[in-house]
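Please load the model in your viewer and keep a selection prompt at hand, as the stops below are meant to be followed in order.

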Amino acid sequence: MPKYQHKFNQTDQKISNALLSLITAKPFAKVSTDQICKTADINRSTFYRHFADKYLVLEKIEADLLSKFFSISNKRIEKSFSIDELAENLENYIDGLLDIILENRSKLAIILSKNGDPSFHNQLAEMLSTKIKNTWKKISRNGSENFNNLNTDLAIDFIVASDMAIIIYAVEHPAIPHQMIKNTFSQLLIDGPMNTVYKSLMKK
């Protein structure tokens with residue numbers, strides 16, 4: 001990476017960290033560009049070379065987080081040919097989910113807090129919903145999103161809510177071992193909604 005680009009990226013990170021630091025103490029709406037500049041120890045002209053406004057700083061932070069969650073592979077789940085395989089592969093997926101939470105817990109805690117961005121929860125849920133729909137379509141024997149006698153939207157919403165519960169619980173309870181979280185949620189999901197949907201999808 002060229003030296004200039006490396007320095008540019010470092011300044012980007014300083015600005016992002018400054019915003020996160022500020023919204024630990026006050027709502028995002030009350031944070032000013034001047035406060036971000038002061039916290040990041042940069043001048044306004046430097047800030048505007050990187051971002052047009054504070055909203056784009058927040059957008060970049062959130063886009064980076066969403067990209068990490070979206071990058072978790074569903075390929076093993078898509079190749080599940082039995083509920084036992086699905087259970088094993090789901091645990092691998094949750095492992096990936098928890099690894100990202102562990103690496104980004106402080107950012108997630110701030111963004112999901114009352115001072116953060118209320119829309120981020122919905123953005124993350126929508127991203128998970130898209131991944132799940134694509135995954136179930138590939139698992140289905142007839143190659144569709146048809147869940148036979150199940151209400152598709154309700155089934156997806158139920159599973160997305162479970163995934164969101166994992167994320168929020170892990171963020172808010174850093175002392176709870178990830179293995180315990182993984183075992184609890186994978187068992188709940190497999191014995192309940194995942195098993196129900198999987199059986200419905202695999203019907204001829």
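Begin with Asp95, which is partly exposed, with a relative accessible area of 30%. Bear in mind from this first selection that the model is predicted. Now add Lys182 to the selection and display both side chains, which meet in a salt bridge with an N to O distance of 3.3 Å. This pair links distant parts of the chain, since Lys182 belongs to helix 10 and Asp95 to helix 6, with their positions 87 residues apart in sequence. How exposed or buried is Lys182? At 8% relative accessibility, Lys182 counts as buried, because the cut-off for that class is under 20% relative accessible area.

**The whole chain**

Zoom out and switch to a cartoon view, where the chain shows 10 helices and zero strands. Read from the N terminus on, the elements run α-α-α-α-α-α-α-α-α-α. If you colour by accessibility, buried residues make up 44% of the 204 residues in the chain. The accessible surface comes to about 11,400 Å², and 53% of that surface belongs to carbon and sulfur atoms. A contact map would add that, among contacts between residues at least 6 apart in sequence, 71% join residues at least 24 apart.

**The nonpolar core**

Next, select Leu19, Phe69, Leu124 and Ile167, which are the residues with the most contacts inside the largest nonpolar core, a set of 49 residues. At least two residues of this core come from each of helix 1 (3-22), helix 2 (33-40), helix 4 (54-70), helix 6 (83-103), helix 7 (105-111), helix 8 (118-139), helix 9 (152-172) and helix 10 (178-201). Which helix gives the most to this core? Helix 9 does, with eight residues.

Stay with helix 9 and centre the view on Ile167. Once its neighbours within four places in sequence are set aside, Ile167 is in contact with Phe69, Leu97, Ile101, Leu124 and Leu128. Then extend the selection along the helix to its buried residues, which are Ala155, Ile156, Ile159, Val160, Ser162, Asp163, Met164, Ile166, Ile167, Ala170 and Val171. A distance between the end C-alpha atoms of helix 9 gives 30 Å, which agrees with the 30 Å that its 21 residues should span at 1.5 Å a residue.

**Helix 2 and the loop after it**

Move to helix 2 and pick out Thr33, Ile36, Cys37 and Ala40, the buried residues of this helix. They cover an arc of only 100° around the axis, which puts them on the same side of helix 2. The spacing is easier to follow with the general geometry in mind: an α-helix has 3.6 residues a turn, so residues three or four places apart point the same way.

Helix 2 is followed by Asp41, which is found in the loop between helix 2 and helix 3 (44-50). Check its backbone torsions, because most residues other than glycine have a negative phi. Asp41 has a positive phi of about 60° although it is not a glycine. Asp41 is also exposed, with a relative accessible area of 64%.

**The other salt bridges**

A search of the whole structure finds three salt bridges, and the pair at the start of this tour, Lys182 and Asp95, is one of them. For another, select Asp34 and Arg44, whose side chains meet with an N to O distance of 2.5 Å. Asp34 sits in helix 2 and Arg44 in helix 3, 10 residues apart, and the pair is another link between distant parts of the chain. Asp34 is partly exposed, with a relative accessible area of 46%, and Arg44 counts as partly exposed at 40% relative accessibility.

Then select Lys60 and Asp64, which form a salt bridge with the closest N and O atoms 3.3 Å apart. Both residues lie in helix 4, four residues apart, which is about one turn of the helix. Asp64 counts as partly exposed at 37% relative accessibility, and Lys60 counts as partly exposed at 29%.

**A last stop in a loop**

Finish at Ala25, in the loop between helix 1 and helix 2. Is Ala25 buried or exposed? Ala25 is exposed, with a relative accessible area of 66%. Add Asn115 to the selection: although Ala25 and Asn115 are 90 residues apart along the chain, their C-alpha atoms are separated by 7.7 Å.

Technical notes
Residues numbered from 1 in each chain as written. Predicted model: local features only at pLDDT ≥ 70, side-chain atom pairs only at ≥ 80, totals over all residues. Heavy atoms only, no water. Core = buried A, V, L, I, M, F, W, Y, C linked by side-chain atoms within 4.5 Å. Buried < 20%, exposed > 50% of the residue type's maximum accessible area, 1.4 Å probe, protein only. Contact = heavy atoms within 4.5 Å. Arc of directions from axis to C-beta. Areas by Shrake-Rupley, 256 points an atom, 1.4 Å probe, with all protein chains shown as cover. Salt bridge = Lys/Arg side-chain N within 4 Å of Asp/Glu carboxyl O. Expected span 1.5 Å × (residues − 1).
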